[in-house]
Amino acid sequence: LQIAQNTTTTRLQTSSTTYVASSHFVTITPTAASSKILLLFSGEVNTQDNNRSAFVDVYRSVAGGTFAGIAPVGSTQTVGANNNNGFIGQVRGSSSRIQVPFSINYVDTPSYSVGNAITYKLYVRSSSGEVEMPATNEAQPVVSIAMEIAA
C-alpha cells in the first residue's frame with residue numbers, strides 16, 4: 001500500500017550493556033486496518049576491540065507511545081531484557097575488532113488504529129566496551145524502510 005524510507009548517517013557510540021536508542025528510524029502511518037509492516041534495515045556495526053559483542057534490535061512506538069523491542073526471542077529470554085540478543089545477536093570478533101554489514105528483514109503485525117504513526121528505531125547494546133553504528137565516521141548510511149502490506 002505504501003513505502004516509507006529514511007537514510008541516516010549519525011553515528012552511535014555506546015558502551016552500554018542495555019539497549020540504547022540510535023537516531024536510525026523510519027515512520028509509517030498505515031492507511032488500512034490490520035496491515036502488516038515489512039521492515040528492511042541495513043547498515044554497518046563495529047565492535048571496536050577484540051572479544052566484544054554488538055547487538056542490534058528494532059523497537060516500535062505506536063502513536064508516540066513507549067518504544068518496545070519487537071525481536072522474536074527464545075524461550076529463555078524476554079523481549080527488552082538485558083540478555084536479549086535482538087535481531088543481530090552477537091556480532092563478535094574473538095581475536096580482533098570487526099566491522100561488518102548487517103541486514104534486518106522482518107514482517108511486523110503491530111496493533112494500531114488507522115491514522116496512528118508507527119515508528120521503528122534501531123537500538124544497540126554492547127557485551128562490554130564500546131560498539132559503534134555505523135561502523136566508521138565515514139558517513140556510511142543506515143537505510144531504514146517500512147512497507148505497508150494489506151492484510
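The exercises below, each with a worked solution, concern selected residues of a predicted model.

**Exercise 1. The surroundings of N46**

Determine in which strand N46 lies, whether N46 is buried or exposed, and which residue shares a polar contact with the side chain of N46.

Solution. Begin with the secondary structure, where N46 is found in strand β4, which covers residues 36-46. Next, take the relative accessible area, which is 0% for N46; since buried means under 20%, N46 counts as buried. Then turn to the side chain, which is joined to that of E132 by a polar contact of 2.8 Å. Finally, set this pair among the other contacts: once residues up to four places away in sequence are left out, N46 touches R11, R97, I98, Q99, V131, E132 and A135.

**Exercise 2. From N46 to R97**

Locate R97 relative to the strands, classify its accessibility, and state which residues R97 touches beyond four places in sequence.

Solution. First, R97 belongs to the loop that runs between β7 (88-93) and β8 (99-108). Second, its relative accessibility is 40%, and because partly exposed covers the range between under 20% and over 50%, R97 counts as partly exposed. Third, its contacts, with residues up to four places away set aside, are N46, T47, Q48, D49 and N50. As a last step, consider V131, which is 34 residues from R97 along the chain, with 9.8 Å between the two C-alpha atoms; V131 is also among the residues that N46 touches.

**Exercise 3. Backbone features in loops**

Find which residues that are not glycine have a positive phi, and where a cis peptide bond occurs, and place these features in their loops.

Solution. Start with S34, whose phi is positive at about 65° although S34 is not a glycine. This residue sits in the loop between β3 (20-28) and β4, and it is exposed, with a relative accessible area of 54%. Leaving aside neighbours within four places in sequence, S34 is in contact with Y112 and A151, while its C-alpha lies 9.1 Å from that of I149, a residue 115 positions away in sequence. Continue with A63, which is likewise not a glycine and has a positive phi of about 55°; its place is the loop between β5 (52-62) and β6 (68-69). Conclude with the cis peptide bond, which joins M133 and P134 with an omega of about -10°; P134 lies in the loop between β10 (131-133) and β11 (142-149).

**Exercise 4. Aromatic rings and a charged neighbour**

Establish how many aromatic pairs there are, how the rings of Y59 and Y123 are arranged, and over which rings the charged end of R125 sits.

Solution. The count comes to three aromatic pairs. For Y59 and Y123, the ring centres are 3.8 Å apart and the planes stand at 10°, so the pair is stacked, given that planes under 30 degrees apart count as such. Now place the two residues: Y59 is in strand β5 and Y123 in strand β9 (residues 118-126), so the pair ties together parts 64 residues apart in sequence. Both Y59 and Y123 are buried. Widening the view, ring pairs link Y19, Y59, F67 and Y123 into a cluster. The final step concerns R125, whose charged end sits over the ring of Y19 at 5.7 Å from its centre, and also over the ring of F55, at 3.8 Å from the centre of that ring.

Conventions
Residues numbered from 1 in each chain as written. Predicted model: local features only at pLDDT ≥ 70, side-chain atom pairs only at ≥ 80, totals over all residues. Heavy atoms only, no water. Buried < 20%, exposed > 50% of the residue type's maximum accessible area, 1.4 Å probe, protein only. Polar contact = N/O pair within 3.5 Å; in protein donor to acceptor, adjacent residues only side chain to side chain. Contact = heavy atoms within 4.5 Å. Phe/Tyr/Trp six-rings, centres within 6.5 Å; stacked < 30°, edge-to-face > 60°. Lys NZ or Arg CZ within 6 Å of the ring centre and 35° of its normal.
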